[in-house]
Amino acid sequence: MTGIKIDLVTDRGSTQPYILPNGQSLNDKDTAPENSTYHSTINSTSVRITDIVREHIELLDRRAQAYGMLADFKNAMTDAEQMIHLDPSSPRGYIRAGELYSMRGNQLQAMEVYIDGLEKVNDEYYRDILEQSCAVAEAKAEQRIDIFAMMPYDIIACITDHFPLKESLTLLEVSPIWRSKLLECVSLWSDICLSEKTKWAPHDISRLALASRVVLNLRLLALDRNRCALALSQIATSDFASLTSLSIDGCWIPDANSLLRAINRVASTLKKLTISDYRFGCTPSKYALVPYKTIITTCPNLEELKYHHRIDVQDDLTGFLTPGVSSKLTKLDLSFKNYTVMSIRDVVIACPNLRCLSLGHCLESYAVRTILHYCKRLVHFEFNKALGDYISGDDIQESGIMEPVGIRRLMARIDDPYHFTTLFAEHCTTIEALLLVFQPIVRDQTWDSLMTACSFTNLRDLCVKHNEDISNGTVISVLKQSPALSRLRIDSSIIGGYEITSAIAQLPLLQRLEIAEGVADDQAMQHLFLALAARPMEQSALEYLSISATTFEVDEVLDGISGILTLKTFALQGKYDIPTESLNRFCIQLRPHPRIESIRLSFLKGVTDSTLEHLAHIKQLKELYLSYLGDITSEGLKPFDTSVKLTIWKCDRIQSKSRVRALS
């Protein structure tokens, strides 16, 4: 064998001499080892390989045990099956797999694993253990039935859906079996809201870690300093591997570092982030500011960002990012107090694929020209948005990057009609949803003459807020040029005179009408509803009517409303003192109504148990929402059968909560 060269091939394809245990190299041509040396090498390496396999199985066993204690049975079973695959004659894989099945309550599967192990394991000691384990599993299968473990996931989800979230988290601590079954009901944990109203105790927030890996959307709402700090700590230390949406709304964030640690933990999966201190009826929260630049650079996969704060700080947005750095960001909602045209320019340049942009408190109208120049793919634009401004309707749902098609949804507070018409003239034909708040005019032009030049041929959703400088003629011009309008929200103070009520009543495709706050003309309102009721069913599309916080005599128009035979939903809310007789007569008129399905009554005086009794006799009624009604009692709910969904909120004299879902 002198002169024969034997090399060891490495994993990279290169060769290197193999050193024998005695120090000799197989590449040494002057060395001729005896056959016994090769046998010794084979024996020693075989022993070592066996030791490695045994060590590998031991490590897998330890990890499978840890996974089982965490109720992660999927990964635990993967390790147990790999143990069996590595060495079918080893008992450890069968014992571990059987224990895992037994923990989940699957005693029959545990018995099958133990029997399989008895067929392949030769060691008498471990064969006795397998036989004993199989007998225990058989006894458990005969003596005890874990109904929860055998229950289908959809049934478990239906049952636990009636529990408050805090109680569902408590169920996770009952046993590993319950935890595993509950966590596999993804719908229970996909959306979690920690709210100050629900009084989350510190130990309740700590339990959130048990369900962290299956939570998709997490919202923190109006939490105080201690609860917010604990919630952020849970996010920073737990495994929120599936979290895609995080909302922090009106919370007292203790410091910027705690917020950053939480964001950093979920940055790789986070697609939607909301940080806002805006809350209706609340003063600005104590708020730790995190620079906008830091948020953008920390979350590379962010697609939607809403960042609001009312603190007067100097968060410079200018010149901080290179163009295109936020290419995945498609929805951006900002509200600061120190916008400049330059800062807005740098923001939009960094986000070339923006589809939806909302800017609050931006007082420089010239920024609009900059935005329209750089955001060629923009379809939803809200400019100078104020608290309470919104466009009703469904959000735009689009996937991928599309070619420019023009703005489809526009919300703007504009103080210069000439500026508005020159900037948006080319978008008028593409706008589908429009909210206009007419600010005091700073030039001599009037809205009436300029709006007649705009043709809103595709406008479907219109919201108009009134200003003393605006005449009804402006709104009439928009209505007449919007043949596709299906949704209208309008201040009642605009509804004055025969011409505008006729323009509303003659809209051929109007499905939803919302009349909001303002001082209305009683005669104009009566004419409007009588005109809507006079239209034949085949020529009317109105299905939803909402009246809120207006000052006209509501009881004078109820007869006209009851005659709108296409109506499916009616909502009346506001501090009206309506005679009970008028309300009862209205409900009696609705009894034979062919389509009315849903009624919402809020903040009304005059609604009594007799009113509810008449409502219960409406044939088509499916849903009734009652809130802030102080004169109704539990007795008034008895006439309703189970086919009507009742929702009661803040009705002080309602005692029984059976069949009633109180909103939280």
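User: I'm looking at E635 and K638. Are these two residues buried or exposed?

Analyst: Both E635 and K638 are exposed in this predicted model. Their side chains also meet in a salt bridge, with 2.9 Å from N to O.

User: What lets side chains pair like that?

Analyst: Side chains of opposite charge can pair when their charged atoms come close.

User: How many salt bridges does the model hold?

Analyst: The count comes to 21 salt bridges.

User: Which residue does D61 meet in a salt bridge?

Analyst: D61 pairs with R96, at 2.6 Å from N to O. This pair links distant parts of the chain: D61 belongs to helix 1 (residues 35–69) and R96 to helix 3 (residues 91–103), 35 residues apart.

User: Are D61 and R96 buried or exposed?

Analyst: D61 and R96 are both buried. They also take part in a network of salt bridges, which links D61, R92, R96 and E99.

User: Let's turn to R227. Which residue forms a salt bridge with R227?

Analyst: That partner is E196, and the closest N and O atoms are 3.7 Å apart. R227 sits in helix 12 (residues 225–237), while E196 is in the loop between strand 3 (191–195) and helix 11 (202–206), so the salt bridge ties together parts that are 31 residues apart in sequence.

User: And how should I read the accessible area for R227 and E196?

Analyst: "Partly exposed" is the class between under 20% (buried) and over 50% (exposed). R227 has a relative accessible area of 21%, so R227 is partly exposed. E196 has 22%, so E196 is partly exposed as well.

Methods. Residues numbered from 1 in each chain as written. Predicted model: local features only at pLDDT ≥ 70, side-chain atom pairs only at ≥ 80, totals over all residues. Heavy atoms only, no water. Salt bridge = Lys/Arg side-chain N within 4 Å of Asp/Glu carboxyl O. Helix = DSSP H or I, 4+ residues; strand = E, 2+ residues; numbered from the N terminus. Buried < 20%, exposed > 50% of the residue type's maximum accessible area, 1.4 Å probe, protein only.
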